Amino acid sequence: MTAVKHGPTRSWRVLLPALAAGVLLRLAFIAWTTPLHLAEDEARFWDLAGTRMAGTAFLPPLYPWYLALLRSLAHDDILTVRILQAVVSVASIALIFLLAERHAGHGEGAVPAWLAACWPTLVYYDGRLRSESIVILLLLAFAALWSAAPAGAGWRLLCAGAVLG
């Protein structure tokens, strides 16, 4: 009788197909919706990311800066920015897997990871120029850091607070 492995190798074997599916679904959505007609919010974010971001007091504070970074990496190409954002947002799937494994037990992260990879709303927001994808990622990062902090690990709590701003 062989013991069941619950180590990092098994976790990656379970997580990688969900991550691959998440990337493929997001890229398929981007391909399906290209060329993109920017919605009002998306056009505003795109313009703000290319300017000095004046008048952003009523908008999510981080997203225009994040979008400006992606624009600089993509040389102002909307399609490339959408692909970069979709690839970065796949980290949400890994964080959901991690949180499920941590709180529900080993072997319990696969279903939540697959749900996150295939959930239509997440695929939509990750493939559009919307702030929701980075907000979801930051909230999941906060939850992962906060729940991993053992007693006396103030640096993790400090990092969790910094993630929220």
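A: One definition before we start: two residues are in contact when they have heavy atoms within 4.5 Å of each other. Also keep in mind that this is a predicted model.

Q: Got it. Which residues does arginine 82 touch, not counting residues up to four places away in sequence?

A: Arginine 82 touches Phe29, Ile30, Thr33, Thr34, Leu36, Asp126, Gly127 and Leu129. To find it, look in helix 4, which covers residues 78–89. Its C-alpha atom is separated by 6.3 Å from that of arginine 128, and those two are 46 residues apart along the chain.

Q: Is arginine 82 buried or exposed?

A: Residues under 20% relative accessible area count as buried. Arginine 82 has a relative accessible area of 1%, so it goes down as buried.

Q: Let me zoom out. How many helices and strands are there in the protein?

A: Nine helices and zero strands. Read from the N terminus on, the elements simply go α-α-α-α-α-α-α-α-α. Of the 165 residues, 36% count as buried. On the outside, the protein exposes about 9600 Å², and carbon and sulfur atoms supply 70% of that.

Q: How do I read contacts across the whole chain?

A: Look at how far apart the partners sit in sequence. Take the contacts with a separation of 6 or more: residues 24 or more positions apart account for 62% of them.

Q: Can you show me a long-range case? Where is valine 14, for a start?

A: Valine 14 lies in helix 1, residues 8–32. Along the chain it is 99 residues from alanine 113, yet C-alpha to C-alpha the two are 9.2 Å apart in space. Leaving aside neighbours within four places in sequence, valine 14 is in contact with Phe97, Ala110 and Trp114.

Q: And which element holds valine 123?

A: Valine 123 is found in helix 7. Its relative accessible area is 9%, so it is buried. Glycine 22 is 101 residues away in sequence, but the C-alpha atoms of the pair are 7.7 Å apart. Beyond the neighbours within four places, valine 123 is in contact with Leu25, Arg26, Phe29, Ala117 and Cys118.

Q: How should I read a nonpolar core?

A: Here's the general idea: in soluble globular proteins, nonpolar side chains tend to be buried together. In this structure the largest nonpolar core has 19 residues, and Trp46, Tyr63, Leu67, Val81, Leu95 and Leu129 touch the most other members. Helix 2 (40–50), helix 3 (63–74), helix 5 and helix 8 each supply at least two residues of this core. Apart from that core lies another, of 10 residues, including Ile93, Phe97, Ala113 and Ala117.

Q: Take leucine 95: which residues is it in contact with, leaving aside neighbours within four places in sequence?

A: Leucine 95 is in contact with Leu137, Leu140, Ala141 and Ala144.

Q: Last one: how do I read a cavity?

A: The general idea is to roll a probe the size of a water molecule over the atoms, which shows where empty space is left. In this protein the count comes to one cavity of 30 Å³ or more, and about 40 Å³ of space lies in the largest cavity. Its lining is made up of Arg26, Ser89, Ser92, Ile93, Ala116, Leu122, Asp126, Ser133 and Ile136. Helix 5 (91–104), helix 7 (120–127) and helix 8 (132–148) are the elements that give two or more residues to that lining.

Q: What classes of residue does the lining of the largest cavity have?

A: Four nonpolar, three polar and two charged residues.

Technical notes:
Residues are numbered from 1 along each chain as its sequence is written. This is a predicted model: local features need pLDDT of at least 70, side-chain atom pairs count only at pLDDT 80 or more; totals for chains, interfaces and linings use all residues. Side-chain values use heavy atoms; hydrogens and water are left out. On a 1 Å grid over the protein atoms alone, a cavity is a set of points where a 1.4 Å probe fits but cannot get out, and a pocket is an open set with protein on both sides within 12 Å along at least five of seven lines; lining residues have an atom within 4 Å of a point. Grid points are joined across faces, edges and corners, and a volume is the space filled by probe spheres set on the points. Helices (H or I, at least four residues) and strands (E, at least two) are DSSP runs, numbered from the N terminus. Ala, Val, Leu, Ile, Met, Phe, Trp, Tyr, Cys and Pro count as nonpolar, Asp, Glu, Lys and Arg as charged, and the others, Gly among them, as polar. Buried means under 20% relative accessible area, exposed over 50%, partly exposed in between (1.4 Å probe, protein chains only). Accessible areas come from the Shrake-Rupley method with a 1.4 Å probe; for residues, only the protein chains shown count as cover. A nonpolar core is a set of buried Ala, Val, Leu, Ile, Met, Phe, Trp, Tyr and Cys residues joined through side-chain atoms within 4.5 Å.
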